[in-house]
Amino acid sequence: MGLFSWLGDDKQTTITQEEIKKESDFSSFKDVTDYIYDKSGIVDLDKRALTASSLQQYAVSEGVYTTKEFIDAMQNKDNFYQDIINIATVNETFFMRELKELEWLVSYIKELDRPLKILSMPCSSGEEIYSILLLLKIENFDINKLDIRGYDINSQAIEKAKNARYNEHSLHKIDTDIKDKYFTSIDKSSYLIDSSIKIIPKFMQQNIFELIDQKNIYDIILSRNMFIYFDEKKRELATNIIANLLKSDGIYIKGHADHISQNQSLEKIKYGIYKKLN
Ligand SMILES: C[S@@+](CC[C@H](N)C(=O)[O-])C[C@H]1O[C@@H](n2cnc3c(N)ncnc32)[C@H](O)[C@@H]1O
């Protein structure tokens, strides 16, 4: 198996650390990680030794041998930057993660009982969105009236979300009876979610920082466990973007470990849940 199997068959390679050292010069690699940080907000990539070395291995496999060539490839070479982002991001997620907030949200959606626009950003491979839809469906709520979207900067995660095929780890918090009712076992280790749920959400590759000009669109935004990869400057910008994307009275749900920046238009209701003021 190649080092980049998660990038697809055509990207597989078996370049070793020794070959990278012999063939390449990434001595000012921080210029590369600064470029990625500016665009995506992801900090400290140069300090994450394994990720930095994976990025360099990938570059060499693509014929890119110096920092200057690396930056040039991110700007001009087809798919190179997206592959770099796919390697650099951590997509860990699972069904029913941080359940208290999801249960609160399900009661809130049932109480409003009207068409709503909901965004999960970052959605990673879709488990968060499908968890909400699953919980609503179990309570006989008509999920067809929801416009629910999932955005994530990682294109591989988005493809996985669209396929809605999950392994045991993703499902480990789901009760067996729910699993049996709403998932079809494809083989010993993967499960497909019920088509009545799969058809509802729309998934798209999207960087939060490219939504800076959009305003007043969503009734509910979940943005959980992304701010942990940002510094204060990017957290502040991301908080403003989320506040602007919300309609007045809209709801924002953050992750347990996320530190959001002070924002005058967001009022805390309880634990990780905020309401946008008028
Ligand atoms: C740990 S996952 C969280 C997924 C899910 N919300 C949860 O809590 O389980 C973090 C996700 O943030 C995404 N991400 C990082 N930077 C991003 C950005 N600038 N715009 C959109 N998504 C981003 C990553 O690709 C990754 O899938």
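This is a short talk about a ligand, the pocket around it, and a few backbone details in one protein structure.

Hi everyone, thanks for coming. Before we look around, please keep in mind that this is a predicted model.

Let's start with the ligand. Which residues come nearest to it? There are 22 residues around the ligand, and the nearest are N91, T93, R97, D152 and N225. If you sort that shell by class, you get eight nonpolar, nine polar and five charged residues.

Now let's go through some individual contacts. T93 has a polar side-chain atom 2.6 Å from an oxygen atom of the ligand. E128 also uses its side chain: a polar atom there lies 3.2 Å from a nitrogen atom of the ligand. With S40, please look at the backbone instead, where a polar atom is 2.9 Å from a ligand nitrogen. And how much of the ligand does the protein cover? On its own, the ligand has 610 Å² of accessible area, and the protein covers 99% of that.

Next, the space itself. Rolling a probe the size of a water molecule over the atoms shows where empty space is left. Here, the ligand takes up the space of the largest pocket. That pocket holds about 430 Å³ of space. Its lining is made of 31 residues, and those closest to the pocket centre are V90, P122, D152, N225 and M226. Two elements each give two or more residues to this lining: α7, which is 127-138, and β2, which is 146-152. Of these, α7 provides the largest share, with three residues. By class, the lining divides into 15 nonpolar, nine polar and seven charged residues.

You may have noticed D152 twice already: D152 is among the residues nearest the ligand, and D152 is also among those closest to the centre of the pocket. The same goes for N225, on both counts.

Let's finish with the backbone. Most residues other than glycine have a negative phi, and most peptide bonds are trans. So where should we look for something else?

First, P122, which we met in the pocket lining. The peptide bond from M121 to P122 is cis, with omega near 15°. You will find P122 in the loop between β1 (116-120) and α7.

Then there is N216, in the loop between β6 (202-205) and β7 (218-223). N216 is not a glycine, yet its phi is positive, at about 60°.

Finally, have a look at D249 in strand β8, residues 246-254. D249 is a residue other than glycine too, and its phi is near 75°, a positive value.

That's my tour, and I'm happy to take questions!

Notes: Residues are numbered from 1 along each chain as its sequence is written. This is a predicted model: local features need pLDDT of at least 70, side-chain atom pairs count only at pLDDT 80 or more; totals for chains, interfaces and linings use all residues. Side-chain values use heavy atoms; hydrogens and water are left out. A residue is near a molecule or strand if one of its heavy atoms lies within 4 Å of it. A polar contact is a pair of N or O atoms within 3.5 Å; within protein, one must be able to donate a hydrogen and the other to accept it, and residues adjacent in sequence count only if both atoms are side-chain atoms. Accessible areas come from the Shrake-Rupley method with a 1.4 Å probe; for residues, only the protein chains shown count as cover. On a 1 Å grid over the protein atoms alone, a cavity is a set of points where a 1.4 Å probe fits but cannot get out, and a pocket is an open set with protein on both sides within 12 Å along at least five of seven lines; lining residues have an atom within 4 Å of a point. A molecule sits in a cavity or pocket if more than half of its atoms lie within 2 Å of its grid points. Ala, Val, Leu, Ile, Met, Phe, Trp, Tyr, Cys and Pro count as nonpolar, Asp, Glu, Lys and Arg as charged, and the others, Gly among them, as polar. Grid points are joined across faces, edges and corners, and a volume is the space filled by probe spheres set on the points. Helices (H or I, at least four residues) and strands (E, at least two) are DSSP runs, numbered from the N terminus.
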